[in-house]
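Thanks for coming, everyone. Please have a look at the sequence and the structure on the screen, and then I will walk you through a few places in it.

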Amino acid sequence: WWIPASFTVMGGIFTSLGGFIFLRARTGLQARARLHREGSTTEATIFEVRPTRIRINGVHQWSLRYRYQDGRGKSCTGAESLSPEEAEAWKEGDKGMVRYDPRRPNVSIWIGKP
């Protein structure tokens, strides 16, 4: 009886973990979609482009960090993960567009070239 019980417990653990990961990813995608639809657009300046510790299929992913001002003039920063091919197009000091949440200006997404 202990073998079916242990498989039941392990199944419950993995199902819960999978559900948590799924819901978290879905929430993030919904937030990005909402910012694309409803966010305020402004210009941002890149202050860092560098590889991260994350690898996908053995290829380092890159981080692009940027600074922008919200509608009240407050300076905010944001970051976006990019593939190496996308990161090649950007360097420190370049300008790009971001969309941010006017209610929470520190929440933003990188749009790219204007």
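Let me start with N57, which sits in the loop between β1 (40-56) and β2 (59-69), where helices (H or I, at least four residues) and strands (E, at least two) are DSSP runs numbered from the N terminus. Before going on, I should say that this is a predicted model, in which local features need pLDDT of at least 70 and side-chain atom pairs count only at pLDDT 80 or more, while totals for chains, interfaces and linings use all residues. Residues are numbered from 1 along each chain as its sequence is written, and side-chain values use heavy atoms, with hydrogens and water left out.

Back at N57, phi is near 55°, a positive value in a residue other than glycine. Most residues other than glycine have a negative phi. N57 counts as exposed because its relative accessibility is 78%; buried means under 20% relative accessible area, exposed over 50%, and partly exposed in between, with a 1.4 Å probe and protein chains only.

Now to S83, in the loop between β3 and α2 (84-87): is it buried or exposed? At 19% relative accessibility, S83 counts as buried, and, leaving aside residues up to four places away in sequence, S83 touches Q61 and W62, contact meaning heavy atoms within 4.5 Å.

Finally, L17 belongs to helix α1 (residues 2-38), and L17 counts as partly exposed because its relative accessibility is 44%.
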